[in-house]
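Work through the exercises below with the model open. Try each task before reading its solution.

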Amino acid sequence: SADAARRLARALISTAKPARVWSPAHEQTLRVHLLALHCPPLTPCFISAIIDPHLLSHGPVAAGLFHWASLQPGFSHSPLSFHSVIKSLSLSRHSRPLLPLLRLAKSQLVPLLPASYHLAISILLNSNKVIEAFDLIDRVDGVPDELYNSVLSGLAANGSLDLARKSFVKMLERRVRFNDLGFGVFVKRMCIDMGLGGVLGFVDEVTRRDCVINGSVMAALIVDGLCRAERIEEAWRALEQLRAREWKPDFIAYRIVSEAFRLVGRVEEAGRILKQKRKFGVAPRAKDYGDFVLVLISERRIQEAKEMGEAIVTGDFPIDDDVLNALLRSVSVVDPDSAVLFCKYMIEKERFPSTTLLSNLSKNLCKNEKVDEMLGILADLSAKGYFSGVERYNMMLSFLCKVGKVREAYDVLKEMKKKQFSPDVCSYNLLMEACCREDLLRPAKKLWDEMFANGCSPNSQTYSILISKFCEIGNVEEARHLYHHMLAREITLDNTIIGSIIKMLCQEHLFDEAIDIFNKLIEQDISLAGSVLSILVISFCNQGNFDAVLSAMHQLPFVFEDSDSHVILLKNLTDAGKLKMAIEHIQWVRCNSPFKLEKICAELIASLSTSPNPDTVLQLLQEMHVQGLISHGTSLTNLIKGDVLSASSHT
C-alpha cells in the first residue's frame, strides 16, 4: 500500500508539471493506476497515504485528489484523510480552501482530529483571519496554550478589542497559561481603551495564576501603550504600581515615560523621572527583549516589534545583531521610515547589514519613493568604509541604476576600478540595462566592448539586455548578430531572448527565419520551445499570417502538452472571421492530440467571462458542438442559447 501510494503520488506530480494545478489529465492518471494490478482499493486511508507525505508540498494537487475522491460513488472521507489535506494546506500559502473544507467535514458529520483543528487555527492566523480563528478556537477543546495566546495577540493587534477581552476571559475560564506574546500585545492595546485602572486589573488576574511572564518587558509595553494613548500621567503612576507588584520597570520603561513628558514640553517632570530611573530602575536584559522581538516577528506582529525596537534603539540600549537584522528585514516592508532608523543605527555602530538586506531595503524605499533616504544610507556606508568588495559595490550600482541615476552609477564603476575592484558581469549588466532603459545605446555598446577588453565574459542576461533592446527598436542586424554570437559561444538561451527575436522577425515579416529559429530550438531544448510557442503564435497572428502558424503547429512533436497556444490561435482565427480554419484546426487536434481537446474546450468556455469578444468564442463553441467536436459529457445548453454568463458560471 505504501509503495502504491508513492507511485501514484509521483505520477500525479509528474502530470501536474509545469502548471502544478489539477486537471482532467490527473483524473485519467488516477483511473489508469487504480485499475492496475496490486493497487489497493480507493479508501480514505489510501488517499491519506498518498497526500501525506508525498503531496504535502503540492497543495493544489493534494486538494484536487481529495475532492476527486469525494465525487466517487460510495466513497466517504475519514478524519485521517481530512487531516492529510489540511496538513498540506498548512504548508502552502493558499488558505482559501480551508473554511469550505471545515464546512464539508461538518456537513458530512466527520469528527475532525484535534490536531486538524490546531492546524486549521494556525492556517487562519497565518492568513490574518484572526476573527475566524477566534470563532474556531471557541468551539474546540484541548487547544495548546500557545495557540490561545497567538489568537489573543492577533485580536488585540487587529483592533478587535471586544473580542480580545472575550478571549482573555475565556482563557481565564479554561485556565490557559498566558505568555509574553499573548498578554503583552493584549495589555498594551488595552491601554488605549481602558487606561491604567483597567490594565492593572488584567495584571492582577494574570499574577494570581501560574504564568511565566517577564514583568520588566510587560512594564515597558504597558507604559509605552499608555504614552501612545496620551495618558502620560497614568504611565508615570504605572511605574510605581508595577514595581509594587514585582513587575520591576527597567531603564527602557523609565526612558519611554521620560521622553513622553519631554516631547510635550514638561522638561522638569522628565528630569524627575530620570532621577527615579537611577534610583529604582534595573538594567534591561538584552536577551529578554531580543527574544520577545523575535517572537513578535515570527508571529507577524510587526507593528509591535517595530515599536519595541524603536524604544530600544532610540534609547541606545543593547540589542543583538540578529534582532536588528530581523527588525530591518521585516519592518522595511511595512514602515520604510522605521527601517531607515534601524539601518542608520546599525551603520553608526559599524554593525553593517548584509548586502541582501540592504538590497531589499533599497527596493522597498524605491517603492515608497524614498530615494533620498537610500542615498543618505549609501553615503553613510561609504563614510564608514563599507564598500570594500565587488558584491557591495554591485548593491549600490543596482540601486542607482534602478532609480535612473546613470551618471552616478558610472562614477561608482570608475571608483571600483580606481580601487582595483574589477567590475564583474553583474556590474556591467546593471549599468548596461540602465543605459538601454534610458535609450543610451552608444554607452551600452561601449560597456559591451569594455567587458571584453577587461576579460569579463558576458552571460545570457547580458545578451538578453542588448538583444531585447535591439529588437525593441527594430535593429534586425544587430539583434541577429548578437544572437548568432551567443550561439557560437554556447551560452544558454532563455525565453526572453527567443521571444524578443521571434517578435521582431515577425514584425519585419521575416516569418521563415522565425520558424527556422523555433524549429532549431525544438531540437536543442524542447522545454524552452514549449515556453515560447505562445509567443510564436501571437506574433504570427498579429501579422495575420495564419497559414504559416497553422503549418508550424501541425508539425510540432506530439510531446508538446501546451493547450494555451491552441486556444490563443483559435481565438485569433475567430476574431479574424476565419471560423472555418478554426474548426479545421480543432478537427486536426482531435485526430492527432485528442487528449488536448477537452482542456482546450474548457479553456475556451472559461474565457467567455473575460474575452473582449465573447460572441466570437461562443460562435466557435456552438459550431464545435454542431460538428460533434465537444464531448457529450459537457453541458452546452446555455451555450446553444447564447447565454454567455451562464456558460461561464457553469465552468
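**Exercise 1. Place D316, then check its backbone.**

Step 1. D316 sits in the loop between helix 17 (302-314) and helix 18 (321-334). Helices here are DSSP runs of H or I with at least four residues, strands are runs of E with at least two, and both are numbered from the N terminus.

Step 2. The model is predicted: local features need pLDDT of at least 70, side-chain atom pairs count only at pLDDT 80 or more, and totals for chains, interfaces and linings use all residues. Residues are numbered from 1 along each chain as its sequence is written, and side-chain values use heavy atoms, with hydrogens and water left out.

Step 3. Read the backbone. D316 is not a glycine, yet its phi is positive, about 55°.

Step 4. Read the exposure. D316 is partly exposed, with a relative accessible area of 46%. The classes are buried (under 20% relative accessible area), exposed (over 50%) and partly exposed (in between), with a 1.4 Å probe and protein chains only.

**Exercise 2. Find where E350 and the cis peptide bond at P53 lie.**

Step 1. E350 belongs to the loop between helix 19 (336-348) and helix 20 (355-367). Its phi is positive, near 55°, and the residue is other than glycine.

Step 2. The peptide bond from D52 to P53 is cis, with omega near 20°. P53 lies in helix 3 (residues 44-55).

Step 3. Set these cases against the general rule. Most residues other than glycine have a negative phi, and most peptide bonds are trans.

**Exercise 3. Which residues of helix 31 are buried, and how are they arranged?**

Step 1. List them. In helix 31 (residues 546-554), the buried residues are F546, V549, L550, A552 and M553.

Step 2. Look down the axis. The buried residues of helix 31 fall within an arc of 160°, so they line one face of the helix. The arc is that of the directions from the helix axis to the C-beta atoms.

Step 3. Find the partners. These buried residues pack against helix 29 (511-524), helix 30 (526-542), helix 32 (564-575) and helix 33 (579-592).

Step 4. Check the N-terminal end. N545 caps helix 31 there, with a side-chain oxygen 3.3 Å from the backbone nitrogen of A548. A polar contact is a pair of N or O atoms within 3.5 Å; within protein, one must be able to donate a hydrogen and the other to accept it, and residues adjacent in sequence count only if both atoms are side-chain atoms.

Step 5. Zoom in on F546. F546 is buried, at 8% relative accessible area. Leaving aside neighbours within four places in sequence, F546 is in contact (heavy atoms within 4.5 Å) with C541, N572, L573, A576, K578 and M581. The C-alpha atoms of F546 and W588 are 15 Å apart, with these positions 42 residues apart along the chain.

**Exercise 4. Compare three sites: I50, S607 and L71. Is each buried or exposed?**

Step 1. I50 lies in helix 3. I50 is buried, with a relative accessible area of 1%. Residues up to four places away in sequence aside, I50 touches A5, L8, A9, L12, L55 and L65. From I50 to A62, 12 residues on in sequence, the C-alpha distance is 8.5 Å.

Step 2. S607 is in the loop between helix 34 (594-606) and helix 35 (614-626). S607 is buried, at 8% relative accessible area. Its side chain reaches the backbone oxygen of L604 at 2.7 Å. S607 also touches K571 and V617, not counting residues up to four places away in sequence.

Step 3. L71 is in the loop between helix 4 (59-70) and helix 5 (79-90). L71 counts as exposed, at 71% relative accessibility. The C-alpha atoms of L71 and S330, 259 residues apart along the chain, are separated by 43 Å.

**Exercise 5. Describe the whole protein.**

Step 1. Count the elements. The protein has 37 helices and zero strands.

Step 2. Take the extent. Along the principal axes, the C-alpha atoms fill a box of roughly 90 × 75 × 45 Å.

Step 3. Assess burial. Of the 651 residues, 49% are buried.

Step 4. Sort the contacts. Among contacts between residues at least 6 apart in sequence, 65% join residues at least 24 apart.
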